[in-house]
Amino acid sequence: MKTMTAIAAALLFAAPACAADLSVSDAFLRASPKVANAGAGFVTITNTGATADRLMGASADVSKRVELHTHIKDGEIFRMRQVESIAVPAGGKTELKPGGDHIMFIDLIAPLKEGQKVPVTLSFEKAGKITVEVPVLSVSATAAPAAAMDHMGHMAK
Ligand SMILES: [Cu+2]
């Protein structure tokens, strides 16, 4: 019995970005231009469970405030708007990506530099808190490194 507990604990440590039925992948932040006082973060949340969950908020010590945002189309212009939560459907996945939902880091304490890693804690209504190490990519990055490599693979074919 003790051995089983130890194995379970080891497995938990091996998968820090998982809680219950949720897993977080493809996380990245965009480096902030020198003049910017805010940065945007993106993650993919996969829910393998039978119960829908919701991302309720996020926290990180790189900025004074962290908000959940989406983009809405206002005539021909896309504007960012704060949202209370982002739904994660049962047995589905939610992609936060440029031009859509994102995590906004407002009033940066220091500029986000490419190559830096930022621990970000995501708070879910049911799964609780999940902390992910989020790499900072270039100012114009549109996808996490793994996804970007995927695209390169497709182009080579
Ligand atoms: Cu935003």
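**A copper site and two cores in a predicted model**

Let me start with one residue, Leu 55, which sits in strand β4. Please keep in mind that what we have on screen is a predicted model.

Is Leu 55 buried or exposed? Leu 55 has a relative accessible area of 0%, so it counts as buried, the limit being under 20%. Once we skip the neighbours within four places in sequence, Leu 55 touches Ile 45, Leu 68, Glu 84, Ser 85, Ile 86, Val 88, Leu 96, Leu 122, Ser 123 and Phe 124. To put a distance on one pair, Leu 55 and Thr 94 lie 39 residues apart in sequence, while their C-alpha atoms are 9.8 Å apart in space.

Now the chain as a whole. The protein chain has 2 helices and 11 strands. Reading along the sequence, you meet them in the order α-β-β-β-β-β-β-β-β-β-β-β-α. The chain has 157 residues, and 38% of them count as buried. If we take contacts between residues at least 6 apart in sequence, 68% of these join residues at least 24 apart.

Next, how some strands pair. β10 and β11 run antiparallel to each other, with 8 bridges. These two strands form a hairpin, and 3 residues lie between them. Within this part, Pro 119 is opposite Glu 133 of β11. β11 also pairs with β2, here in the parallel sense and over 2 bridges. Leu 29 stands opposite Val 136 in β11.

On to the cores. In soluble globular proteins, nonpolar side chains tend to be buried together. Which residues have the most contacts inside the largest nonpolar core? They are Ile 45, Leu 122 and Phe 124, in a core of 28 residues. Several strands give two or more residues to this core, among them β2 (22-30), β3 (38-47), β4 (53-59) and β10 (117-124). There is also a second, separate core of 6 residues, and Phe 42, Leu 137, Ala 141 and Ala 144 are included in it. Back to Ile 45: leaving out neighbours within four places in sequence, its contacts include Leu 22, Val 24, Leu 55, Thr 94 and Phe 124.

A polar residue comes next. Asn 47 belongs to strand β3. Asn 47 has 3% relative accessibility and therefore counts as buried, since the limit is under 20%. What does the side chain of Asn 47 reach? One partner is the backbone nitrogen of Gly 49, at 2.9 Å. Another is the backbone oxygen of Thr 51, also at 2.9 Å. Apart from neighbours within four places in sequence, Asn 47 is in contact with residues including Asp 21, Leu 22, Val 88 and Pro 89.

Last, the metal. Which residues coordinate the copper ion? There are two histidines, His 69 through ND1 and His 102 through NE2, and two methionines, Met 80 and Met 104, each through SD, at 2.1 to 2.2 Å. Along the chain, the donors follow the spacing H-x10-M-x21-H-x1-M. Why is the site called tetrahedral? The angles among the 4 donor atoms are 89 to 119°, and four donors count as tetrahedral if all angles lie between 85 and 135 degrees, so the site fits. Two of these residues are buried by the under 20% limit, because His 102 has a relative accessible area of 2% and Met 104 is at 9%.

That is the tour.

Technical notes: Residues are numbered from 1 along each chain as its sequence is written. This is a predicted model: local features need pLDDT of at least 70, side-chain atom pairs count only at pLDDT 80 or more; totals for chains, interfaces and linings use all residues. Side-chain values use heavy atoms; hydrogens and water are left out. Donors are N, O and S atoms within 2.8 Å of the metal (3.2 Å for Na, K and Ca); water is not among the atoms, so sites may look incomplete. Four donors count as tetrahedral if all angles lie between 85 and 135 degrees; four count as square planar and six as octahedral if opposite donors are over 155 degrees apart and all others between 65 and 115; anything else is irregular. Buried means under 20% relative accessible area, exposed over 50%, partly exposed in between (1.4 Å probe, protein chains only). A nonpolar core is a set of buried Ala, Val, Leu, Ile, Met, Phe, Trp, Tyr and Cys residues joined through side-chain atoms within 4.5 Å. Helices (H or I, at least four residues) and strands (E, at least two) are DSSP runs, numbered from the N terminus. Contact means heavy atoms within 4.5 Å. A polar contact is a pair of N or O atoms within 3.5 Å; within protein, one must be able to donate a hydrogen and the other to accept it, and residues adjacent in sequence count only if both atoms are side-chain atoms. Two strands pair if DSSP finds at least two bridges between them.
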